[in-house]
Amino acid sequence: MNLRLTLTLGCVFLLLNTLFAQTKYDYNDGPYIEVRGDSIQVSWIENGALNRSVTPFALPYQFESEVLPAVTINDFTPQANPFERHVDVKKFVALSDIHGQHHIFIQLLKKHHVIDENEAWIYGDGHLVIVGDVMDRGPQVTESLWFLYKLEKEADAAGGMVHTLLGNHELMVMHGDVGYINPKYRYTSGITGRPYPDFFSDQTVLGQWLRSKNITTVINEFGFVHGGFSEKVIKKENSLSTINDMFKTQILPRGKVAQDTTSLLSMLYFDNGPLWYRGYANPEGFDEITADSILSALDIESIVVGHTSMPKIVSVHDDKILLVDSSIKFGKTGELLVYDNDSLYRGLIDGNLVSIDIDSTTADENRPSTPFQYIYDFGDMDLTIVLDTDLKKLFITNSMEEIYQPATLVAIHNKEFNRKWNVRLRTRGNMRKQVSKFPPLKIDFSKTTLDYLGFTRNDKLKLVLPGRTGKKYQQRLYQEHVIYSLYQQVDSFGYRTHLVNVIFENKGKKKYDLNGFFIEDEADFALRTKTRILNSGIIRVESLERESYVKMSFFQYMILNTDYSVGNKHNLEMIGIPGELSPRAIAYDFDYCGMVNHDYAVPFERLPIYSVREHYFKGQKVTLEEVKMAVEFFNPLKDTFKKIIDDDNYLNRKSKKSMKKDIDEFYKRLNEEDKWEKRFINPKKMLMKPR
Ligand code: ZN
């Protein structure tokens with residue numbers, strides 16, 4: 001069989017496999033309830049199978065299923081729901097950007113006694129405000145919508161109220177944009193033969209319900225809106241009632257609005273519009289005077305917005321702006337804004353309340369407190385950063401002196417603009433700079449920016465880039481990235497990394513587009529591992545914790561790396577662990593290893609090898625017992641190493657193959673007992689003089 005035929009058959013097999021997998025895809029979704037003429041048509045999916053029912057139109061209509069939300073419909077056309085200012089409200093909770101993470105939403109409401117164990121309203125005359133973006137991204141959008149549909153009736157009966165305000169993602173789906181829907185809903189769309197937006201058309205119960213919703217509301221002195229009201233919009237129109245009506249009657253029903261910088265309708269629809277605006281979440285672009293003028297024009301004292309993900313709920317300018325998108329979308333944790341007894345709190349996922357003004361670092365250990373921890377929650381490569389700076393200066397003039405220079409950093413998450421920061425940049429790492437066009441970079445955020453965003457520690461990020469542009473260098477960077485994952489199998493203290501797309505610009509002109517990775521810097525590392533970095537003083541091999549040192553030495557042998565040294569602390573982080581007497585050496589910076597095999601990588605001249613592809617064991621004073629320990633430790637890891645390489649999404653076949661070949665060679669050598677003495681216990685010594 002020739003290669004091409006094999007490949008073609010492989011593809012066909014893969015395709016069949018996918019189709020087969022789809023029919024077996026076990027999930028539940030719905031119900032989607034539609035009114036057509038005189039009948040109620042319902043579709044829902046149970047255990048991956050489509051169900052439909054058609055009944056004559058009669059209300060109330062009830063839907064029940066063991067695995068889906070129960071639904072009772074008392075009227076198909078919801079009542080008009082005009083903009084209102086609610087006064088004398090004693091308590092409210094608010095959150096935003098649930099994005100299909102229904103379980104976190106429910107947990108927050110339960111822990112803060114808004115609903116009981118059966119998800120029924122127990123918040124009395126309190127108000128719950130959803131500040132937009134229930135839809136898109138996550139897998140449990142339908143559950144949240146039906147839950148809110150039900151809850152608002154219960155709240156109403158108890159004298160309370162649920163406000164479901166629309167976000168840009170609700171509007172996008174209703175306007176036919178399916179760019180952000182969860183893969184699950186593509187499948188629902190496929191098996192029902194309907195485009196996803198059809199499930200929210202004005203023929204549907206949920207579609208009618210969503211169309212009755214507002215984009216803004218006011219409770220006591222607090223205004224709520226998904227994005228924010230920009231100065232530009234407010235200058236043109238400051239009646240919230242008018243803006244709300246324009247959205248409902250002119251923007252919601254139609255697909256597009258003509259772009260025209262002078263018309264209010266166009267301003268409301270495009271980037272400055274209330275569902276898209278991110279000005280409030282931008283620490284550099286938004287001062288207190290602007291906030292004051294907007295608030296007074298709207299006749300409120302405080303404004304609550306979502307839309308821009310924060311590591312926690314953030315209060316800005318003395319509670320004048322409250323940013324409540326607490327990154328629920330990552331599916332890990334989240335927060336509620338709690339107003340009770342004239343005070344504001346961050347309601348944590350465990351039910352605790354923290355005063356909004358206290359910047360607590362101890363109250364919630366789950367919260368990322370540094371930029372790296374925050375980035376680490378994004379999926380690999382979901383994040384693009386655009387760095388705009390004088391590139392010539394960065395890579396040439398300033399490179400040797402490691403001087404910081406100003407730059408702007410724009411973060412784009414899943415192709416959606418996230419935010420813009422002023423930062424400082426410099427290159428780092430001497431060895432690489434001389435030989436590579438893109439040396440590693442250090443990004444420094446200002447302390448005030450980080451305070452504003454709720455980060456409490458460490459203002460620096462370390463970014464590793466491929467040496468040069470081109471596929472070959474990109475692959476080598478991915479290899480280095482995977483080596484960090486391999487090392488974590490050997491030492492759980494190994495550095496964490498995160499792939500990211502990086503675009504370099506000079507005054508707005510795009511120059512390079514490449515993929516790099518962020519690596520934890522010392523401060524992040526120490527914070528996560530609760531260890532101390534030992535920067536000063538001399539550490540000798542003899543004083544190191546022996547077992548981790550031996551494992552590290554064998555790992556370096558596996559990846560063909562000799563570019564490290566205990567004495568110089570070169571590419572080894574020396575750490576002190578509380579309760580342990582001996583320090584440990586943690587390996588990093590693997591770009592000189594033979595497994596990556598860069599053109600510029602050559603072994604140190606006093607080593608008895610000529611190429612980084614040659615094996616040389618650098619472990620010192622390793623005993624026979626220690627070799628045995630290493631063999632016992634490494635042998636069971638072989639399949640794991642290979643699986644990590646195979647499962648990587650970015651390495652191509654060639655790169656994977658060469659890495660796995662090195663792994664095989666390592667295991668062959670590791671298990672040649674007769675060569676242990678010469679190879680590991682008494683290897684050739686370093687040369688006294690350079691060759
Ligand atoms: Zn949004």
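**Exercise 1.** Find which residue follows helix 2 and state the sign of its phi, then work out which residues of helix 2 are buried and what they pack against.

*Solution.* Helix 2 is followed by His113, whose phi is positive, near 55 degrees; helices here are DSSP runs of H or I with at least four residues, strands are runs of E with at least two, and both are numbered from the N terminus. The model is predicted, so local features need pLDDT of at least 70 and side-chain atom pairs count only at pLDDT 80 or more, while totals for chains, interfaces and linings use all residues. Residues are numbered from 1 along each chain as its sequence is written, and side-chain values use heavy atoms, without hydrogens and water.

Next, within helix 2 (residues 102-111), His102, Ile104, Phe105, Ile106, Leu108 and Leu109 are buried, meaning under 20% relative accessible area with a 1.4 Å probe and protein chains only. These buried residues pack against strand 7 (91-95), strand 8, helix 3, strand 15 (336-340) and strand 16 (343-347), where contact means heavy atoms within 4.5 Å.

**Exercise 2.** Determine which residues coordinate the zinc ion, and explain which parts of the chain Asp133 and His226 tie together.

*Solution.* The zinc ion is coordinated by Asp133 (OD), Asn168 (OD1), His226 (NE2) and His307 (ND1), at 2.1 to 2.2 Å; donors are N, O and S atoms within 2.8 Å of the metal (3.2 Å for Na, K and Ca). Asp133 lies in the loop between strand 8 (127-131) and helix 3 (141-157), and His226 in the loop between strand 11 (222-225) and helix 7 (231-236), so the pair ties together parts 93 residues apart in sequence. Finally, Asp133 is buried, with a relative accessible area of 1%, and His226 is buried at 0% relative accessibility.

Terms used. Buried means under 20% relative accessible area, exposed over 50%, partly exposed in between (1.4 Å probe, protein chains only).
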